[in-house]
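Visitor: I'd like to learn how to read a model like this one. Could you walk me through it?

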Amino acid sequence: MKKSLNQNLLFALPSMVLSRQNKLYFHTKTGFIEQLQRCNNVISMTSTHASVLKSGFLNDTFTANHLMNCYVRLQETHDAHQLLDEMLEPNVVSYTSLMAGYVNMGQPKIAMCLFQMMNGSLVSPNEFTFATVINACSILADLRTGKKVHSHVEVSGLRDNLVVCSSLVDMYGKCNDVDRARRVFDSMGCRNVVSWTSMIVAYAQNAQGDEALNIFREFNYLLGDRPNQFMLASVINACASLGRLISGKVTHGAVIRCGYDSNDVVASALVDMYTKCGDVSYSDKVFQRILKPSVIPYTSMIVGAAKYGLGRLSLGLFEEMIARRIKPNDVTFVGVLHACSHSGLVDEGLKHLNSMYEIYGIKPDAKHYTCVVDMLGRSGRLDEAYQLAKSIQVDANAGALLWGTLLSASRLHGRVDIAVEVSKKLIESNQQVAGAYVTLSNTYALAGDWENVHSLRSEMNRTGVYKEPGCSWVEIKDRTYVFYAGDKSIERGSEVWSLMRKLEQEMKKRGYVGENTGLVFVDVEEEAKEEILSMHSERLALAFGLISIPKGITIRIMKNLRMCKDCHEAFKQISDIVERDFVVRDINRFHHFKNGSCTCGDFW
DNA sequence: GTAGGGTTAG
């Protein structure tokens, strides 16, 4: 029969008592608690537990809670749980601290079970309990339970509690219910920087970056508080998701002025933002300034370089981080494989796939295999890619990505046979149906099989399958230019088209041929052309922007600026990083000029 | 004993 934790300790007790005899006999409740607070390893913990047991103080809930908290702190949740089971009168602190322990140990489900168990007892939850269990729902993105807990909060008299409401905002955000998050946020009588950050994150992580920036503006305007590193990292993330280079740079200025530029998390967000906003060289400059980059900034930079086709740079960074004994994670390998895929480094990619588990103990999963399928597919090794895809066990979402990847590769290399098989899989499983139809149709078009193209189009019309037009956008100076696939009426459209033709000629001159360049159209139907254009419109718009922005307007204005010390430092650093034509505009926004001196506060 | 941030393949 299994012995209880306390029974086990009784067996261990005699030797412990003997070795610490003199101290133990004089213990008081306060003495035990002080001793427990000092415990920093399991051996001293076990010994103290034994003494508490012997003294009889274990029946005292307050002392037992300290004991349990100590187990939780040492990550011995199993022992802490056993202690709770054996407590005579566990109270709200006993339940809540164990719940928090499970959440911190990555076992939020057990925390939720404990909450249920507690509700079945006579103990009522308090604000700490609610914040903890809501956090568990948030980690699991469990909206159903989250709503139930929310109702419980409403009747518990804690609906005005700042921490509970902030955790509700966060929970709804993580469960992709932004409207509910906003409703809770709006209902709050009192908010702090955490509640505002939770709302910003809720918007940013649910593809509503504009709203995230609006609410950040509101925060600055209403509160005049300085944002902290959490808020700034979230705002930078929102800029990244929108491709808003200027807003990103302005926020970068705020980061420097507020003194968070050496923060690892903020720097990672900046590296990622500059990549997504169109300039990997800024990312590199920010990255170079990080004194001791951890795995995440390294990964951001590896992924960033990979996206720009700088595979060798990605692999060099990977080697550098290994040499610095920084352990890669699963995302790092996604970046490495992505880099190999986009730079045609197939053999090296396969080598990295094999080393993942063998050397680093990371088991490749669907996302890694999807990268490898993409890598083999891009390089024309379609049969191997197909074989690999068939051998992977995936759930529906990962499957959609995997087969979608193979389908694109089949189209790229005109492998109608594989494209047909793969589209069938996608359409039958009701995944990416419209995309599958269009890509299959384009594959037929590339092969000159117009009969099948037309029959697919009729089938799409008959079954009512509609492909949302692709959309991309780019921010140039203070304007956002939006491009929809197939929309020829875009502003300054004729300039875009003429620039595109120039680029096309330039690329041809340098030896690019075929549709791999993305700008050279093959003889396909109108819709297929539009799809190819939309894939590249972002880069196109960037190129378009670069030749349209007037330069050289900056130096004179700058000389007249009188800046406070903080702003001057921010300006010096940021001008190392960004180009001057953007900087002046940003710098003007960093400052308020009153009576000839500089006051800061409004980032926008 | 409680709430918030960064990297992920087509």
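Guide: Let's take the DNA contacts, then some helices. Keep in mind that this is a predicted model.

Visitor: Okay, how many residues surround DNA strand B, and which are the closest?

Guide: There are 54 around DNA strand B, and the closest are N69, N126, H342, K367 and Q432. By residue type, the surface near the strand splits into 26 polar, 18 nonpolar and 10 charged.

Visitor: Which parts of DNA strand B do the atoms within 4 Å of the protein belong to?

Guide: For that, sort the strand's atoms into sugar or phosphate on one side and bases on the other. Here 42% of those atoms belong to sugar or phosphate, and the rest to bases.

Visitor: What lies 2.5 Å from a base nitrogen of DNA strand B?

Guide: An N or O atom in the side chain of N126 does. The side chain of N192 also places an N or O atom 2.9 Å from a base nitrogen of the strand. With K367, look at the backbone: one of its N or O atoms is 3.1 Å from a base nitrogen.

Visitor: On to helices. How many residues of helix 6 are buried?

Guide: Buried means under 20% relative accessible area. Helix 6, residues 77-86, is mostly covered, with seven of its 10 residues buried. Those are T77, D79, A80, H81, Q82, L83 and L84.

Visitor: And at what angle do helix 19 and helix 20 pack?

Guide: Angles over 145 degrees count as roughly antiparallel. Helix 19 (residues 295-307) and helix 20 (residues 311-323) pack at about 165°, with axes 8 Å apart, so they are roughly antiparallel to each other. Their crossing is left-handed.

Technical notes: Residues are numbered from 1 along each chain as its sequence is written. Chains are lettered from A and ligands numbered from 1 in the order in which they are written. This is a predicted model: local features need pLDDT of at least 70, side-chain atom pairs count only at pLDDT 80 or more; totals for chains, interfaces and linings use all residues. Side-chain values use heavy atoms; hydrogens and water are left out. A residue is near a molecule or strand if one of its heavy atoms lies within 4 Å of it. A polar contact is a pair of N or O atoms within 3.5 Å; within protein, one must be able to donate a hydrogen and the other to accept it, and residues adjacent in sequence count only if both atoms are side-chain atoms. Ala, Val, Leu, Ile, Met, Phe, Trp, Tyr, Cys and Pro count as nonpolar, Asp, Glu, Lys and Arg as charged, and the others, Gly among them, as polar. Buried means under 20% relative accessible area, exposed over 50%, partly exposed in between (1.4 Å probe, protein chains only). Helices (H or I, at least four residues) and strands (E, at least two) are DSSP runs, numbered from the N terminus. Axes are lines fitted to C-alpha atoms, for helices over the stretch in contact, and angles run from 0 to 180 degrees between N-to-C directions. Angles under 35 degrees count as roughly parallel, over 145 as roughly antiparallel, 65 to 115 as roughly perpendicular and the rest as oblique. A crossing is left-handed if the near helix is turned anticlockwise from the far one by less than a right angle, and right-handed if clockwise.
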